[in-house]
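Welcome! Please take a look at the chain below, and then work through the exercises at your own pace.

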Amino acid sequence: LGLARQLWSAPIDGSQPAVPLGPSLSLPGSLYSPRVTGDSTHVVYLAGLLPELLLTAIDGSGSVVSLSGAGNQAVAFDLTPDGTTAVYWGDAPGLGRGVLRVPLGGGPSVRLSPEFEADAYGEVQLAPDGARVLYTVDANSSALAGPYVVPLDGSQPARLVARIPATGELS
């Protein structure tokens, strides 16, 4: 789906025709990383030139909702096993850049990491039980590079798991 311009959904048994999930993207944007929520009712994905984190119903009903907030970039995300929350690396209104969580049912994003400089990026992954978030900060974009773990509920500060040297290489 690296250069896809529109997301479609169809029942696996072929009983219904495919339906588009939102409008087709104009160039030069693309969409990628679509994931179905745990209850199979919605799709969360990244789309746009500076990608936003988007949510839409899997059956094509309803509109596309920006979880990261219109104009706020998201570079990576994961979903809780129960499908109620997204955790993403990106920006949110009033929160700046970092690792954030947002309820899929609506509501504001909450910061889980320190604020990072505007060009920082990394990856996020939830633990299988959904209680903890592992995230990375790219060695080329921050002096705080390395893998971190933080509780999903934000009850404790993020903890560095291992320091990555400025060279970006682990020995």
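The exercises below go from the whole chain to its sheets, its cores and its charged pairs.

The model is predicted, so local features need pLDDT of at least 70 and side-chain atom pairs count only at pLDDT 80 or more, while totals for chains, interfaces and linings use all residues. Residues are numbered from 1 along each chain as its sequence is written, and side-chain values use heavy atoms, with hydrogens and water left out.

**Exercise 1. Take stock of the whole chain.**

Task: Find how many helices and strands the chain has, and what percentage of its residues count as buried.

Solution:
- Step 1: Begin with the elements. Helices (H or I, at least four residues) and strands (E, at least two) are DSSP runs, numbered from the N terminus. The chain has zero helices and 14 strands.
- Step 2: Turn to burial. A residue is buried under 20% relative accessible area, exposed over 50% and partly exposed in between (1.4 Å probe, protein chains only). Of the 171 residues, 41% count as buried.
- Step 3: Add the surface. By the Shrake-Rupley method with a 1.4 Å probe, where for residues only the protein chains shown count as cover, the accessible surface of the chain comes to about 8900 Å². Carbon and sulfur atoms hold 57% of that surface.

**Exercise 2. Trace two open sheets.**

Task: Work out the strand order of the open sheet that contains S11, then do likewise for the open sheet that contains S3.

Solution:
- Step 1: Recall the rule for pairing: two strands pair if DSSP finds at least two bridges between them. Strands of a sheet pair through backbone hydrogen bonds, either parallel or antiparallel.
- Step 2: The sheet with S11 has four strands in the order S11-S12-S13-S14, paired antiparallel. Its edge strands, each pairing on one side only, are S11 (124-126) and S14 (159-160).
- Step 3: Look at one pair in that sheet. S11 and S12 (residues 132-137) are joined by three bridges, and Val124 has Tyr135 in S12 as its bridge partner.
- Step 4: The sheet with S3 also has four strands and antiparallel pairing, in the order S3-S4-S5-S6. Here S3 (31-36) and S6 (65-66) are the edge strands.
- Step 5: Two bridges join S5 (residues 52-57) to S6, with Ser66 in S6 as the bridge partner of Leu54.

**Exercise 3. Follow strand S8.**

Task: Which strands pair with S8, and how many of its residues are buried?

Solution:
- Step 1: On one side, S7 (residues 74-79) pairs with S8 in the antiparallel sense over five bridges. The bridge partner of Leu79 in S8 is Ala86.
- Step 2: S8 is also joined to S9 by eight bridges, again antiparallel. Ala86 has Val102 as its bridge partner in S9.
- Step 3: Check the turns. The hairpin of S7 and S8 has five residues between the strands, and Gly83 there takes a positive phi near 75 degrees. The hairpin of S8 and S9 has three residues between them, with Gly94 in the turn at a positive phi of about 75 degrees.
- Step 4: Finally, eight of the eight residues of S8 are buried.

**Exercise 4. Find the nonpolar cores.**

Task: Which element gives the largest share of the largest nonpolar core?

Solution:
- Step 1: A nonpolar core is a set of buried Ala, Val, Leu, Ile, Met, Phe, Trp, Tyr and Cys residues joined through side-chain atoms within 4.5 Å.
- Step 2: The largest core has 15 residues, and Trp89, Val99 and Tyr135 are among those with the most contacts inside it.
- Step 3: Two or more residues come from each of S8 (85-92), S11, S12 and S13 (146-151). The largest share, three residues, belongs to S12.
- Step 4: A second, separate core of 14 residues includes Leu46, Ala86, Val102 and Leu104.

**Exercise 5. Pair up the charges.**

Task: How many salt bridges does the structure hold?

Solution:
- Step 1: A salt bridge needs a side-chain nitrogen of Lys or Arg within 4 Å of a carboxyl oxygen of Asp or Glu. The structure holds three.
- Step 2: Arg35 pairs with Asp78, their closest N and O atoms being 3.8 Å apart. This links strand S3 to strand S7, with the two residues 43 apart along the chain. Arg35 is partly exposed at 32% relative accessibility, whereas Asp78 is buried at 16%.
- Step 3: Asp91 and Arg97 come to 3.3 Å. Asp91 is buried at 19%, and Arg97 is buried at 6%.
- Step 4: Asp129 and Arg132 meet at 3.5 Å, N to O, and Arg132 is partly exposed at 41%.
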